[in-house]
Amino acid sequence: MVKDCALCNRHQRAQPKLPAMQPDLPTRPWEKLGSDIFQFNGANYLIIVDYYSRFLVIRPLSDISASTVSSHFTSVSAEYGLPLLLTADFGSQFVSEMFKRKCEESGVGLTFSSPYHHQPNGAAERCVGTTKSLWKKTVANNQCPETALWMYRITPLDDHLPSPYELLYGRKPRSPLPTSNLALQSKHPGNTAHQEANLQKQITQAEFYNRKASCDKRVLNQAEPVYVWNSRKHVWEQGKIFNRQNPDREPRTYVVEMNGKLYQRTREHLRPRSTDKKPPTLSQFTSEAVSSQQLPTKKLASAPTEVDDNAMAPMIPNGDPGPATPTLVEKTQGSPAKLRPEDEIIVVRGGNISFQPRSQVTRSGRQT
């Protein structure tokens, strides 16, 4: 009579748990995924967990609409690859036609756990609890939440299982803990052939690139004045070498100082600059040479003077009737109207000799 009573059956205690049903285990990374949506400090997040490695991926959600969840799932699939099966709860975002169509187009099988029964999606539910626990500790200790997730990904699951990162990628991650370089290398069987192929590609690219390149430039010294190429204005600006931060790893990288500010430039955009003063003009150069007392060989005269044949003779080759080569002796000077184009002024400056043509007067009276 009690079993047939509707009122008694309505207020019966809940049934005990049923025996566990073991699902099929994944045989490779990123084969079966679990997904869920959770809240933390008023913000919504999408979590995706790999059942094989327990590697989790979290994306912040601006809203919990089906389009936003589908967009983030597509982004994760583009980064990590397409799974074979995805298990989610009975949320409206996952049962929507948009999300179902996205999974169908990608060839991803979609299964759902029953409402209020989270055991079929236990991996995702367990990672949600782990993430919230880690983030609570980071907020209390004023640390970065992403760093906490990174430490979870690279921590071994137990004493005889590797970390989720190593199970997913097949190699150990680099971390603050001391690790040998051999352990960080890829376990892929074609790793050696891949390295050799990359080396040959690099050599070939360098050969084609160097066909249009110039020779290497010398090393610039500290505090050396240089010209710096301005890529925006396409002009050279004056600067000074400040230092080289890492000559061994970056031999062509320099820190230059321009207008009281520091800039980082490569050697291709730097050109040595001379610190000599601006050279004098031709008029200043000639006037200084004429008025200098160190030039006894140059005399300006208004009337023509005769040239000493004995002094010019040694400079004339035997049998050469051509004009004599100018020397440091006195040179015939005439009035401006009688000057010839070959008449020159001998200027001695700092031990150097240069020849400058004299001015001439044309028929119209114009002086050139």
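How many of the eight residues of strand β2 (residues 43–50) are buried? The legends below take up this question and then turn to the neighbouring elements of the predicted model.

**Figure 1. Burial of strand β2 in the predicted model.** Strand β2 spans residues 43–50, and seven of its eight residues are buried. The strand is therefore largely enclosed by the rest of the structure. Strand β2 pairs with β1 through eight bridges and with β3 through six bridges.

**Figure 2. Pairing and hairpin of strands β1 and β2.** The two strands run antiparallel and are joined by eight bridges. Within this pairing, Asp36 has Ile47 of β2 as its bridge partner. Two residues lie between the strands of the hairpin, where Asn41 adopts a positive phi near 55 degrees.

**Figure 3. Pairing and hairpin of strands β2 and β3.** Strand β3 comprises residues 56–61 and is antiparallel to β2, with six bridges between them. Tyr45 is matched with Pro60, its bridge partner in β3. The hairpin has five residues between its strands, and Arg54 takes a positive phi near 60 degrees.

**Figure 4. Surroundings of Leu33 in strand β1.** Leu33 belongs to strand β1, which covers residues 32–40. Because its relative accessibility is 1%, below the 20% limit for burial, Leu33 counts as buried. When neighbours within four places in sequence are set aside, the contacts of Leu33 are Ile48, Val49, Asp50, Tyr51, Pro83, Leu85, Leu86 and Thr87. Val49 stands 16 residues away from Leu33 along the chain, yet the C-alpha atoms of the two residues are separated by 5.5 Å.

**Figure 5. Surroundings of Lys32 in strand β1.** Lys32 also lies in strand β1. This lysine is buried, because its relative accessible area of 12% is under 20%. With neighbours within four places in sequence left aside, Lys32 is in contact with Pro23, Asp24, Pro26, Val49, Asp50, Tyr51, Leu85 and Thr87.

**Figure 6. Cys103 and Cys127, two buried cysteines.** Cys103 counts as buried at a relative accessibility of 1%. Cys127 is likewise buried, with a relative accessibility of 4%. A search of the whole structure returns zero disulfides.

Note on methods. Residues numbered from 1 in each chain as written. Predicted model: local features only at pLDDT ≥ 70, side-chain atom pairs only at ≥ 80, totals over all residues. Heavy atoms only, no water. Helix = DSSP H or I, 4+ residues; strand = E, 2+ residues; numbered from the N terminus. Buried < 20%, exposed > 50% of the residue type's maximum accessible area, 1.4 Å probe, protein only. Contact = heavy atoms within 4.5 Å. Disulfide = S-S within 2.5 Å. Pairing = 2+ DSSP bridges.
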